[in-house]
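User: I'm new to this one and would like to know the reasons behind the labels. Could you walk me through them?

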Amino acid sequence: MFDEQLVRPDPELYGLIQQFVPVRIVNMSGVDVSLFQFDYDLTMAIMFLNADEQVYSRYGGRDHQSAEKRISMNGLKNTMRAVLAWHKSRSGASLPARPRQKMTPEDIIGISPLPQGSSNCIHCHQVNEFQWRAQKRQGTFNPESLWGVPLPENVGLTMDVDHGNRVVAVAPGSAADKAGIQAGDVLEVVNGVPTLSQADVQWGLHRAPSEGRFAVQLRRDGQEQTVTLQVARGWRRTNNIWRASVRRQ
Amino acid sequence: MSLVRGGMGLIALSVVLTALVRPTTRADDHERAVAWLNDFEEAKRVARRTGKPIFVVFR
């Protein structure tokens, strides 16, 4: 349904999309997954970048209870507005290309690229499956990676669906609570990842250690603050049975 | 004659009101059809030329 709204956008969304270069990718074959890093189990995910391949934001998310309760059309529009503001603020400044080794799903498992126009298709969730298959072959597989892209609730945070980087509630006694995060705080950077959406918050958590500490920059009443979250072993674990990549392990 | 003129006026008014309050039509949808690209390299070229950021949807 959400995807249908992108195909036939309302006038406001259409006006926002017109301020971007829109790209639609339905086959991961040949896609550079060293650049396009997101939650590959989602049926729809969005990334915002510039021509220098600087990633501004991600959008999309779900959990075992619902495919759509973590996303909203207002949430997408607000993220788009934030991306446009960020892009405008750096307009004219060209970033040097980041050193990056292109990696396609085919490269991960060592198969030839699918021919152009092939009826075969690599689905997003297969990227995880290919990575885990290669890691198992190399003996580097970490079972904790099955709990990728953790929910904000795993550290005690409930985020606003329409303003995905705004904290709605903090669970008492949670890692977020102990770090001093409060309802109403706006998370700006989570573990080094700039956060404009809930998907960005989750991506910052995705890159966090299995146990240990990481920093969160936030804004409260107009003031910037940095707090430290401490997470214990197993903090990533949650109901992930909805993930196609996990079900196939 | 005045009855005929009055009738024509009502018809004209109803046409105008219908145009103002009509629901979204397929033609409107068509006008708002997004010109999606499917090649990221092409998108980067367009983004560089236009100064726009890139919006990538994975389905």
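User: What makes up the lining of the second largest pocket, by class?

Analyst: Keep in mind that this is a predicted model. The lining of the second largest pocket has 13 nonpolar, 11 polar and 5 charged residues. Glycine goes with the polar class here, and only Asp, Glu, Lys and Arg count as charged.

User: How big is that pocket, and which residues are closest to its centre?

Analyst: The volume comes to about 550 Å³. Of the 29 lining residues, A:Asn128, A:Gln131, A:Trp132, A:Ser145 and A:His206 are the closest to the centre.

User: Which helix supplies the largest share of that lining?

Analyst: That's α5(A), with 6 residues. Helices α5 (124-138), α7 (198-206) and α8 (244-247) of chain A each give at least two.

User: Why is A:Gly222 called exposed?

Analyst: Exposed means over 50% relative accessible area. A:Gly222 has 53% relative accessibility, so it counts as exposed. You'll find A:Gly222 in the loop between β8 and β9 of chain A.

User: How do you know that β8 and β9 pair?

Analyst: Pairing takes at least two bridges between two strands. Strand β8 (residues 212-220) of chain A and β9(A) have 9 bridges, in the antiparallel sense, so they count as paired. As one detail, A:Arg219 stands opposite A:Glu224 in β9(A).

User: What makes β7 and β9 edge strands?

Analyst: The open sheet runs β7-β6-β8-β9 in chain A, with antiparallel pairing. Both β7 (193-194) and β9 (223-231) of chain A pair on one side only, and that puts them at the edges.

Conventions:
Residues are numbered from 1 along each chain as its sequence is written. Chains are lettered from A and ligands numbered from 1 in the order in which they are written. This is a predicted model: local features need pLDDT of at least 70, side-chain atom pairs count only at pLDDT 80 or more; totals for chains, interfaces and linings use all residues. Side-chain values use heavy atoms; hydrogens and water are left out. On a 1 Å grid over the protein atoms alone, a cavity is a set of points where a 1.4 Å probe fits but cannot get out, and a pocket is an open set with protein on both sides within 12 Å along at least five of seven lines; lining residues have an atom within 4 Å of a point. Grid points are joined across faces, edges and corners, and a volume is the space filled by probe spheres set on the points. Helices (H or I, at least four residues) and strands (E, at least two) are DSSP runs, numbered from the N terminus. Buried means under 20% relative accessible area, exposed over 50%, partly exposed in between (1.4 Å probe, protein chains only).
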